[in-house]
Amino acid sequence: MAATDPTQPRPAAFPQEAAHLPQMREARRHEFLAGRAALHRAIAGLGWAPQPIPIRADRAPDLPVGICASLSHSRTLCVAVADRLETTVGLGLDLEPATPLDRGLWPTVCTRAERGWLAAQPEAERGVLAKQIFCAKEAAYKCQYALTGVLLDFDAFEITFADGKRFFATIRQPVASFTVGDRIHGRMDRVAGHIVTATRIPA
């Protein structure tokens with residue numbers, strides 16, 4: 001894993017990466033460069049030599065052969081995680097500011113069971129807990145996308161929390177090799193004013 005700060009200056013990008021910069025707004029350029037720096041550091045930790053990571057047609061990073069990785073960023077924090085495909089076939093990472101999720105989004109993000117769970121929680125905590133569900137689903141989505149390349153809606157997963165830092169994302173619709181009831185395991189923490197969630201599918 002590696003973390004960077006998008007508000008700080010970054011080293012020059014590889015030409016293949018810099019080619020994407022002119023189409024980006026200034027804030028997005030900072031986040032993109034910080035993200036690539038974090039990805040380079042995470043992959044270097046596995047023993048890979050530095051190499052460009054351009055953007056694929058689906059907007060995902062074009063990773064080196066043999067690498068599984070995930071990336072997430074906000075305006076003040078960027079985190080990347082990487083592993084070898086021989087040990088990990090899916091990684092999903094998401095971070096979001098630890099602020100309440102807009103209540104108008106709850107029916108879109110949360111299943112009926114998840115909304116029932118939220119209703120049983122202390123009222124003052126429900127908004128941030130809804131954001132945790134959102135963040136967990138984003139991580140699970142990225143994790144399965146690495147294997148399937150399929151776009152899924154929020155209701156494709158149902159999140160249950162095992163304890164304060166562990167959760168399960170249960171698949172609610174079949175997709176590629178996933179069947180209904182399959183679970184993706186994840187972990188969650190709060191760091192630097194953010195909710196950070198990570199999911200992994202071992203080889």
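Colleague: What is the strand order in the open sheet, and how do the strands pair?
Modeller: The three strands are ordered β1-β3-β2, and their pairing is antiparallel. β1 (2-4) and β2 (67-73) are the edge strands, each pairing on one side only. Ignoring direction, neighbouring strands are turned by 15 degrees against each other on average. Do keep in mind that this is a predicted model: local features need pLDDT of at least 70, side-chain atom pairs count only at pLDDT 80 or more, and totals for chains, interfaces and linings use all residues. Residues are numbered from 1 along each chain as its sequence is written, and side-chain values use heavy atoms, with hydrogens and water left out.

Colleague: What makes β2 and β3 a pair?
Modeller: Strands (DSSP runs of E, at least two residues) pair if DSSP finds at least two bridges between them. β2 and β3 (residues 78-84) are joined by seven bridges and run antiparallel, so they meet that rule. Cys-68, for instance, has Asp-83 of β3 as its bridge partner.

Colleague: Why is there no bond from the sulfur of Cys-143 to the closest cysteine sulfur?
Modeller: A disulfide needs two cysteine sulfur atoms within 2.5 Å. The closest one to Cys-143 belongs to Cys-68, 7.1 Å away, which is too far for a bond. The structure holds zero disulfides. Cys-110 is in none either: its nearest cysteine sulfur, in Cys-135, is 13 Å away.

Colleague: Is Cys-110 buried or exposed?
Modeller: Cys-110 has 4% relative accessibility, so it counts as buried (buried means under 20% relative accessible area, exposed over 50%, partly exposed in between, with a 1.4 Å probe and protein chains only). Cys-143, at 0%, is buried as well.

Colleague: How do you know that the end-to-end distance of α5 agrees with its residue count?
Modeller: A helix here is a DSSP run of H or I, at least four residues, and its expected span is 1.5 Å times one less than its number of residues. For the 23 residues of α5 (residues 126-148) that gives 33 Å, and the end C-alpha atoms are 32 Å apart, which agrees. Of those 23 residues, 19 are buried, so α5 is largely enclosed by the rest of the structure. Just after α5, Gly-149 takes a positive phi of about 65 degrees.

Colleague: Why is the pair of Phe-161 and Phe-167 called edge-to-face?
Modeller: Rings of Phe, Tyr and Trp (its six-membered ring) pair if their centres lie within 6.5 Å; planes under 30 degrees apart count as stacked, over 60 as edge-to-face and the rest as tilted. Here the centres are 6.4 Å apart and the planes stand at 65 degrees, so the pair is edge-to-face. Phe-161 is partly exposed at 21%, while Phe-167 is buried at 1%. Together with Trp-117, Phe-161 and Phe-167 form one aromatic cluster.

Methods: Axes are lines fitted to C-alpha atoms, for helices over the stretch in contact, and angles run from 0 to 180 degrees between N-to-C directions.
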